[in-house]
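Student: Please take one part of this model and look at it closely, beginning with the strands and going on to what surrounds them. I would like a connected account rather than a list.

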Amino acid sequence: MHTVLETCETKMKKSVVALTNEYGALRTGRASAALFDKIKVDYYGQETPLSQVASISIPEARLVVIQPWDKTLLAPIERAILKSELSLNPNNDGKLLRINFPPLTEERRKELAKNAKAIAEQSKIAIRNIRRDAIDEIKKLQKSGDISEDEQKDLETKTQNLTDSYVAQISDLATEKEKEILEI
């Protein structure tokens, strides 16, 4: 019967991983290679992730250098970055792209912090939905006679404890990200 708990925990872990990935792609005042994870480049008619056609390095806190493995990809990479929602302007020197990260305005930082909170709230909702599904499953098991009423109460308590633990993790991640965004 613990498979309900194991399934529940696996799904909750996936929600936290998804949040972490989403936060990695959220722009802060610092340069980060993860920001470019969602950018796709037209590579011989194929939409290819930027990380598969170029090396991305961070030589300074506010500078990203992108060096394509194939020089003919400089222009398509530049176009893909300009089209992205990152609002970045790459400098093309014919060999590589340099992207300076200007400091974010106070207003933009507050907007990003608010966005980070909203993303965390969505993750918390996902965790609560997983809890609801697990508790429904536990009640079905009790109704069908597979587990006793005491086992049902025990499993529901454990499910709630798991939920509280993962919601706390999400809150910690959100607080950390918000602090990172708001620092100058």
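Tutor: Two strands are taken as paired if DSSP finds at least two bridges between them, and strands (E, at least two residues) and helices (H or I, at least four) are DSSP runs numbered from the N terminus. The model is predicted, so to speak with care: local features need pLDDT of at least 70 and side-chain atom pairs pLDDT 80 or more, while totals for chains, interfaces and linings use all residues. Residues are numbered from 1 along each chain as its sequence is written, and side-chain values use heavy atoms, with hydrogens and water left out.

The part I would choose is strand E4, which covers residues 63-68. A hairpin of two residues leads from E3 into E4, and the two strands, E3 being residues 54-60, run antiparallel with five bridges between them. Within this pairing, Ser57 faces Val65 of E4. E4 is also joined to E6 (residues 97-100), again in an antiparallel arrangement, by four bridges, and here Leu63 has Asn100 of E6 as its bridge partner. Buried means under 20% relative accessible area, exposed over 50%, and partly exposed in between (1.4 Å probe, protein chains only). On that scale five of the six residues of E4 are buried, so the strand is largely enclosed by the rest of the structure.

Helix H2 (residues 74-83) brings us back to these strands, for its buried residues are Leu74, Pro76, Ile77, Ala80 and Ile81, and what covers them includes E3, E4 and E6, together with strands E1 (40-43) and E5 (91-92). Contact, here and below, means heavy atoms within 4.5 Å.

To place this region beside the helices, it helps to look at the cores, a nonpolar core being a set of buried Ala, Val, Leu, Ile, Met, Phe, Trp, Tyr and Cys residues joined through side-chain atoms within 4.5 Å. The largest has 27 residues, and Met12 and Tyr23 are the members with the most contacts inside it. Helix H1 (3-24), H3 and H4 are the elements that give two or more residues to this core, and H3 provides the largest share, ten residues. Another core, of 20 residues, lies apart from it and has among its members Leu35, Ile66, Leu73 and Leu97. In soluble globular proteins, nonpolar side chains tend to be buried together.

Tyr23 itself, once residues up to four places away in sequence are set aside, touches Ala116, Lys117, Ile119, Ala120, Leu173, Ala174 and Lys177. Thr163, in helix H4 (residues 149-182), has a relative accessibility of 1% and therefore counts as buried. With residues up to four places away again left out, Thr163 touches Met12, Ile127 and Arg131, and its C-alpha atom is 6.9 Å from that of Arg128, although the two residues are 35 apart along the chain. Glu156 is found in H4 as well; it is buried yet has no salt bridge, and, apart from neighbours within four places in sequence, it is in contact with Ile135, Ile138 and Lys139.

A salt bridge here is a side-chain nitrogen of Lys or Arg within 4 Å of a carboxyl oxygen of Asp or Glu, and a search of the whole structure finds nine of them. In the one between Arg109 and Glu106, the closest N and O atoms are 2.7 Å apart; these residues are three apart in helix H3 (residues 106-143), which means that about one helical turn separates them. Arg109 is buried, at 6% relative accessibility, whereas Glu106 is partly exposed, with a relative accessible area of 44%. Glu111 and Arg108 meet in a salt bridge at 2.8 Å, N to O, and because they too are three residues apart in H3, about one helical turn lies between them. Both count as partly exposed, Glu111 at 46% relative accessibility and Arg108 at 30%. A further salt bridge joins the side chains of Glu121 and Arg128 at 3.6 Å, N to O, where Glu121 is partly exposed with a relative accessible area of 35% and Arg128 likewise partly exposed with 32%. Finally, salt bridges that share partners link Glu106, Arg109 and Lys110 into one network.

Methods: Lys, Arg positive; Asp, Glu negative; His and termini not counted.
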